Amino acid sequence: MEKLEPYFPLNKSVKSGEIGTLVIAIVIYVVIAAVLGVLLGFLSGIPVLGIIFSIVSTLVWIYEVVGIVLAILAFTK
């Protein structure tokens, strides 16, 4: 898990046993995913670049889900 910490800096703030830090991390991940999802959703409507933005949107979604899972694992450590 130490190798993944540079890619998910928000999870460093999650403390074991402190539910508030976990909730804040999850809310931040959800807000970022929502904003980027809406933005990339609009951009994916462009005919030529739509495929690229769809792929980027999927990769962002995967990053957010992995971030939430790692935050939960850091909380339960």
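# Notebook: two helices and a nonpolar patch

I began with Phe53, which lies in helix 2, and I keep in mind throughout that the model I am reading is a predicted one. Setting aside residues up to four places away in sequence, I listed what Phe53 touches and found Leu40, Leu43 and Ser44. I then took a distance along the chain from Phe53 to Lys77, which is 24 residues away, and the separation of their C-alpha atoms came out at 36 Å.

**Entry on Leu43.** I turned next to Leu43, one of the residues that Phe53 touches, and placed Leu43 in helix 1. Is Leu43 buried, partly exposed or exposed? Its relative accessibility is 28%, so I entered Leu43 as partly exposed, a class that runs between 20% and 50%. Apart from neighbours within four places in sequence, Leu43 is in contact with Gly50 and Phe53. I also looked up Leu43 against Lys12, and the two are 31 residues apart in sequence and 32 Å apart in space, taken from C-alpha to C-alpha.

**Entry on the helix pair.** How do the axes of helix 1 and helix 2 lie with respect to each other? I noted that helix 1 covers residues 19–43 and helix 2 covers residues 50–75, that their axes come within 10 Å, and that they cross at roughly 175 degrees. Angles over 145 degrees count as roughly antiparallel, and helix 1 and helix 2 are therefore roughly antiparallel to each other. For the residues that meet, I wrote down from helix 1 a set including Ile19, Leu22, Ile26, Tyr29, Leu36, Leu40 and Leu43, and from helix 2 a set including Gly50, Phe53, Val60, Tyr63, Ile68, Ile72 and Phe75.

**Entry on Thr21.** I then checked Thr21, which is also found in helix 1. Because its relative accessibility is 18%, Thr21 counts as buried, the limit for that class being under 20%. Not counting residues up to four places away in sequence, Thr21 touches Ser13, Val14 and Lys15.

**Entry on the surface patch.** Which residues form the nonpolar patch on the surface? I recorded Ile51, Ile55, Leu59, Trp61, Ile62, Val65, Val66, Val69 and Leu73, with about 840 Å² of accessible area together. I looked up two of these patch members, Val66 and Val69, individually. Val66 has its place in helix 2, and with a relative accessible area of 33% Val66 is partly exposed. Val69 lies in helix 2 as well, and at 44% relative accessibility Val69 counts as partly exposed. I also compared positions for Val66 and Lys12, which are 54 residues apart in sequence and 14 Å apart in space, C-alpha to C-alpha.

**Entry on Lys77.** Last, I returned to Lys77, which I placed in the segment after helix 2. Since its relative accessibility is 71%, Lys77 counts as exposed, the class that begins over 50%. From Lys77 to Ser54 I noted 23 residues in sequence and 35 Å in space, again between C-alpha atoms.

Conventions: Residues numbered from 1 in each chain as written. Predicted model: local features only at pLDDT ≥ 70, side-chain atom pairs only at ≥ 80, totals over all residues. Heavy atoms only, no water. Patch = residues over 30% accessible without salt bridge, like charges linked within 9 Å, V, L, I, M, F, W, Y side chains within 5 Å. Areas by Shrake-Rupley, 256 points an atom, 1.4 Å probe, with all protein chains shown as cover. Salt bridge = Lys/Arg side-chain N within 4 Å of Asp/Glu carboxyl O. Helix = DSSP H or I, 4+ residues; strand = E, 2+ residues; numbered from the N terminus. Buried < 20%, exposed > 50% of the residue type's maximum accessible area, 1.4 Å probe, protein only. Axes fitted to C-alpha atoms, helices over the stretch in contact; angles between N-to-C directions. Parallel < 35°, antiparallel > 145°, perpendicular 65-115°, else oblique. Contact = heavy atoms within 4.5 Å.
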